[in-house]
Amino acid sequence: MIKNKRAMADLNINIGDLQLKNPVMTASGTFGYGVEFADFMDISQIGGIIVKGTTRYHREGNPYPRMAETTSGMLNAVGLQNKGVEYFVEHIYPEIKNIQTNMIVNVSGSAVEDYVETAARINELENIPAIELNISCPNVKQGGMAFGVSACGAEEVVAAVRKVYHKTLIVKLSPNVTDITEIARAAESAGADSVSLINTLLAMSIDAERRKPLLSTVTGGMSGPAVKPIALRMVWQVAKAVKIPVIGLGGIMNGRDAIEFLLAGASAIQIGTANFIDPAICEKVIKEIDEYLTRHHYSSVRDIIGALEV
Amino acid sequence: MRLENDNKTSDMKKYILDLKVTEKLTPHANYVLLKLTDPNAPLPKMGPGQFAELRVDGSKTTFLRRPISINKIDYARNEIWLLIQFVGDGTRALGNIQVGDIINCVLPLGNTFTTDFSEVNDPKSSQDLSLLLVGGGVGIAPMLYLGTVLKEAGYKPVFLLGARSASDILELDEFAALGEVFTTTEDASHGEKGFVTQHSILEKRSFDRVFCCGPKPMMQAVARFAATKNIPCEVSLENKMACGVGACLCCVEDTKEGHKCVCSEGPVFLSADLKW
């Protein structure tokens with residue numbers, strides 16, 4: 001719980017029509033449906049909870065092993081395991097719809113019509129104020145990353161979803177591209193309300209003793225503090241390239257990391273892998289952002305967005 | 001299908017606790033036994049088969065927590081025992097911890113072995129059920145706590161412990177205090193020679209339930225034995241984990257109902273539900 005509420009700086013942030021009580025969100029695939037973490041903190045304190053990747057149909061995900069640890073980070077190859085959007089609507093939505101914060105669904109797919117069908121179904125859910133369109137999963141064949149690595153691919157899928165989705169549309173970008181600003185601009189011109197970045201970096205891990213890859217899929221997505229400098233660079237570049245708000249993520253482990261992303265131009269941040277190390281990390285980051293603002297005499301978090309002095 | 005005991009874990013609240021090491025024992029060159037306490041509060045309720053995720057401080061190559069099975073809980077002393085086998089940098093770093101140090105633990109995680117058979121539809125009264133607990137390697141750890149709980153509930157657990165050699169059989173005195181103990185070693189230095197599934201007790205006696213934790217080939221062999229005798233068998237699986245609470249979906253096992261998380265839907269599974 002956050003104490004001394006009256007002393008807090010103004011942490012409110014808007015992303016499109018989405019109103020966040022603070023700029024801290026959880027990254028898809030790292031926080032389940034939120035309820036898994038309810039024993040550790042009051043999850044309604046979090047600005048937004050982005051639930052795990054949801055697809056049109058049930059997906060079993062990739063075979064085991066799906067995870068490899070690396071210095072200051074990890075690789076995963078989960079492969080969008082989920083029970084499909086109908087299961088979400090019928091069984092999971094009723095369990096999470098009354099959580100008193102923004103519950104946001106990450107929508108994934110492998111064809112434009114999959115994205116469209118899933119987004120249209122989620123659009124009907126009153127208590128889901130936004131979706132995050134995952135056009136950047138590196139772990140499935142045609143796992144959306146095909147759309148996320150070219151400007152015309154991104155534009156096509158975002159434009160199609162925009163036609164059926166009428167609430168806040170966030171597009172999650174892949175770092176596995178030559179020029180991420182080009183993709184960000186394509187998403188913006190196709191009607192995205194916001195872009196979030198970065199998804200995981202395509203990476204690889206080898207067991208030398210066994211002469212085998214550590215992941216069943218050989219390559220996987222890398223996350224954790226090891227990727228933070230890359231994420232910061234990309235957020236900084238994208239924030240200068242688009243007018244829509246940017247949501248920054250990639251290796252945020254504490255409030256100071258979060259502040260760095262805000263200074264680089266992010267309007268909000270997501271916490272991902274850090275949830276595995278400290279399941280109560282989100283409330284600590286919120287508190288630390290507030291402490292930073294107070295210490296530097298800012299009355300609102302909005303004052304430091306893009307305030308990097310170059 | 002859910003495990004028959006699944007409902008018992010769902011109401012067990014999880015905690016993030018700074019536990020203090022009160023005793024450190026080295027029963028073997030590759031193991032450390034840490035006894036920890038919560039200096040500030042009574043330890044929460046935990047069941048046999050559940051585990052803790054330990055934050056590893058002081059190892060540059062270790063990023064994630066390490067899942068460690070609960071070896072024993074002594075509520076009277078407010079003490080939890082964790083038996084740790086040195087596998088890699090993370091577990092070795094945990095082995096460097098000293099008495100008085102703090103370990104940040106998330107616990108209790110996962111489901112539990114079945115310890116209440118009152119609903120068993122069996123001509124025997126449930127207290128007379130013959131329960132076999134099989135452990136190998138670091139897999140003996142949850143068997144000690146399971147045996148403790150079963151004995152307190154009035155059962156007479158029978159233990160079958162397997163190891164390479166006599167010096168690899170850990171906590172023998174602890175097990176002996178709970179019930180009959182049978183052993184196998186590969187070099188015949190303790191008990192019968194061979195693997196646990198070759199022990200004569202399996203043919204001499206009949207068992208109503210089997211519980212097993214150990215290396216996967218051992219658990220698979222025990223599960224095959226149980227299947228041929230038509231005995232329900234619960235196995236506790238090991239897996240590389242990240243979150244420990246069913247959020248990241250990294251630690252899946254292939255079951256007859258698809259991928260299930262070892263951390264949250266296990267670690268205890270009915271062997272008949274697995275695709276072994």
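This passage describes the strand barrel of chain B, the contact between chains A and B, and selected elements of chain A in a predicted model.

In chain B, six strands form a closed barrel with antiparallel pairing, and the order around the barrel is β1-β2-β5-β4-β3-β6. Between neighbouring strands of this sheet the average turn is 45 degrees, with direction ignored. Strands β1 (residues 15-28) and β6 (residues 102-109) of chain B run antiparallel and are joined by six bridges. Within this pairing, Y15(B) has L107(B) of β6(B) as its bridge partner.

Strand β3 of chain B, spanning residues 51-54, is paired with two strands of the barrel, β4(B) and β6(B). Its pairing with β4(B) is antiparallel and comprises four bridges, with A52(B) bridged to I68(B) of β4(B). Three bridges, likewise in the antiparallel sense, connect β3(B) with β6(B), where V106(B) is found opposite E53(B). Strands of a sheet pair through backbone hydrogen bonds, in either the parallel or the antiparallel sense. In a regular strand, side chains alternate between the two faces of the sheet. For β3(B), both faces are covered: F51(B) and E53(B) are buried on one side, and A52(B) and L54(B) are buried on the other.

Outside the barrel order, helix α3 of chain B (residues 140-152) lies across β4 (66-74) and β5 (79-85) of chain B. The helix runs at about 30 degrees to β4(B).

The two chains are in contact through 22 residues of chain B and 28 residues of chain A. On the side of chain B that touches chain A, twelve residues are nonpolar, six are charged and four are polar.

In chain A, helices α2 (residues 112-123) and α4 (residues 151-164) pack against each other. Two packed helices are described by the distance between their axes and the angle between them. Here the axes come within 9 Å and cross at roughly 30 degrees. Helix α2(A) is therefore roughly parallel to α4(A), and the crossing is right-handed. From α2(A), the contact draws on V112(A), Y115(A), V116(A), A119(A), A120(A) and N123(A), and from α4(A) on E156(A), V157(A), A160(A), V161(A) and V164(A). By class, the residues of this helix contact comprise nine nonpolar, one polar and one charged.

Strand β8 of chain A (residues 130-134) has five of its five residues buried, so the strand is largely enclosed by the rest of the structure. Coverage extends to both faces of β8(A), with A130(A), E132(A) and N134(A) buried on one side and I131(A) and L133(A) buried on the other. Strand β7 of chain A (residues 102-107) pairs with β8(A) in the parallel sense over four bridges. In this pairing, L133(A) of β8(A) stands opposite V107(A).

The loop between α2 and β8 of chain A contains E126(A). This residue is exposed, because 7 other C-beta atoms lie within 10 Å of its own, and the criterion for exposure is 12 or fewer. The C-alpha atom of E126(A) is separated by 8.5 Å from that of K97(A), a residue 29 positions away along the chain.

Terms used
Residues numbered from 1 in each chain as written. Chains lettered and ligands numbered in written order. Predicted model: local features only at pLDDT ≥ 70, side-chain atom pairs only at ≥ 80, totals over all residues. Pairing = 2+ DSSP bridges. Axes fitted to C-alpha atoms, helices over the stretch in contact; angles between N-to-C directions. Contact = placed C-beta atoms within 7 Å. Nonpolar A, V, L, I, M, F, W, Y, C, P; charged D, E, K, R; others polar. Buried ≥ 20, exposed ≤ 12 C-beta atoms within 10 Å, placed from the backbone. Parallel < 35°, antiparallel > 145°, perpendicular 65-115°, else oblique. Left-handed = near helix turned anticlockwise from the far one by under 90°.
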